[in-house]
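Biologist: Labels such as pocket, patch and buried need grounds. Let us ask for them one by one.

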Amino acid sequence: MQVKDIIKQKYCNKNIVMISSLKKYKGIDIFVSLARKCPEYSFLLILSASIEEIKKYFLYVNLPDNIQLLPQQTDLLPYYTGASIVLNLTIPDLCVEAFGMTLIEGFCLGTPCIAPDFGGPKELVINGKNGFLMNPYDEKSIIDG
């Protein structure tokens, strides 16, 4: 496969990835809501948690068919490579994202990011160039963005 084919596949595949700890303040519930509202996209949530912890968190959540949950992974490269966009939905009034390693990892593989317009992501994301800075509560802007 040639580089141009890889690039075309990356940006046409409609894969949305979020890699996060299993904490409410990381915007996990917003991620699930976005998946519900965008059935034409595939959503992948990789959590730094065990399968048992993930099952417990989502026990009473009706997950849409277009979302996949994975426990902690040792090799994230295939997930970043296959992503069209990386999301960081940390909720600023619950937690200030100090850095945003997942954003940098996504950038390294040419993947744009959507991140909160607050804290560390503001220093990493050049709005409209390598990603978008948005309010995680504003799902409509994230979807329309």
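The exchange below covers pockets, a surface patch, salt bridges and a few single residues.

Modeller: This is a predicted model, so local features need pLDDT of at least 70 and side-chain atom pairs count only at pLDDT 80 or more, while totals for chains, interfaces and linings use all residues. Residues are numbered from 1 along each chain as its sequence is written, and side-chain values use heavy atoms, with hydrogens and water left out.

Biologist: What makes a space a pocket and not a cavity?

Modeller: The work is done on a 1 Å grid over the protein atoms alone. A cavity is a set of points where a 1.4 Å probe fits but cannot get out. A pocket is an open set with protein on both sides within 12 Å along at least five of seven lines. The largest pocket holds about 350 Å³ of space. A volume here is the space filled by probe spheres set on the points, which are joined across faces, edges and corners.

Biologist: Which residues line the largest pocket, and how do you know that they belong to the lining?

Modeller: A lining residue has an atom within 4 Å of a point. For the largest pocket, 18 residues line it, and I16, Y41, I85, I142 and I143 lie nearest its centre.

Biologist: Which elements supply at least two residues of that lining?

Modeller: Strand 4 (85–87) and helix 7 (139–144) each do so. Helix 7 gives the most, with three residues. Helices (H or I, at least four residues) and strands (E, at least two) are DSSP runs, numbered from the N terminus.

Biologist: How does the lining of the largest pocket divide by class?

Modeller: It has 13 nonpolar, two polar and three charged residues. Ala, Val, Leu, Ile, Met, Phe, Trp, Tyr, Cys and Pro count as nonpolar, Asp, Glu, Lys and Arg as charged, and the others, Gly among them, as polar.

Biologist: What is the volume of the second largest pocket, and what lines it?

Modeller: Its volume is about 170 Å³. The lining has 16 residues, with I19, K26, N88, E97 and T102 nearest the centre. Strand 1 (15–20) and helix 5 (101–108) each supply at least two of them. By class, the lining has seven nonpolar, six polar and three charged residues.

Biologist: Why is Y25 called partly exposed?

Modeller: Its relative accessible area is 31%. Buried means under 20%, exposed over 50%, and partly exposed in between (1.4 Å probe, protein chains only). Y25 therefore counts as partly exposed. Y25 lies in the loop between strand 1 and helix 2 (28–37).

Biologist: What makes a nonpolar patch of Y25, L94 and Y137?

Modeller: Patch residues have over 30% relative accessible area and no salt bridge; nonpolar side chains (Val, Leu, Ile, Met, Phe, Trp, Tyr) are joined within 5 Å, like charges within 9 Å. Together, Y25, L94 and Y137 have about 310 Å² of accessible area. Such areas come from the Shrake-Rupley method with a 1.4 Å probe, and for residues only the protein chains shown count as cover.

Biologist: Why is the D29 and K24 contact called a salt bridge?

Modeller: The term asks for a side-chain nitrogen of Lys or Arg within 4 Å of a carboxyl oxygen of Asp or Glu. D29 and K24 meet at 2.6 Å, N to O, so the pair qualifies. D29 is partly exposed at 32%, and K24 is exposed at 52%. A search of the whole structure finds four salt bridges.

Biologist: What does the bridge between K37 and E139 tie together?

Modeller: The two side chains meet at 2.7 Å, N to O. K37 lies in helix 2 and E139 in helix 7, so the pair ties together parts 102 residues apart in sequence. K37 is partly exposed at 48%; E139, at 14%, counts as buried.

Biologist: Where do K140 and D144 lie?

Modeller: Both lie in helix 7, four residues apart, about one turn of the helix. Their side chains form a salt bridge at 2.6 Å, N to O. K140 is exposed at 59%, and D144 is exposed at 52%.

Biologist: Is L89 buried or exposed?

Modeller: L89 has a relative accessible area of 1%, so it is buried. L89 is in the loop between strand 4 and helix 5.
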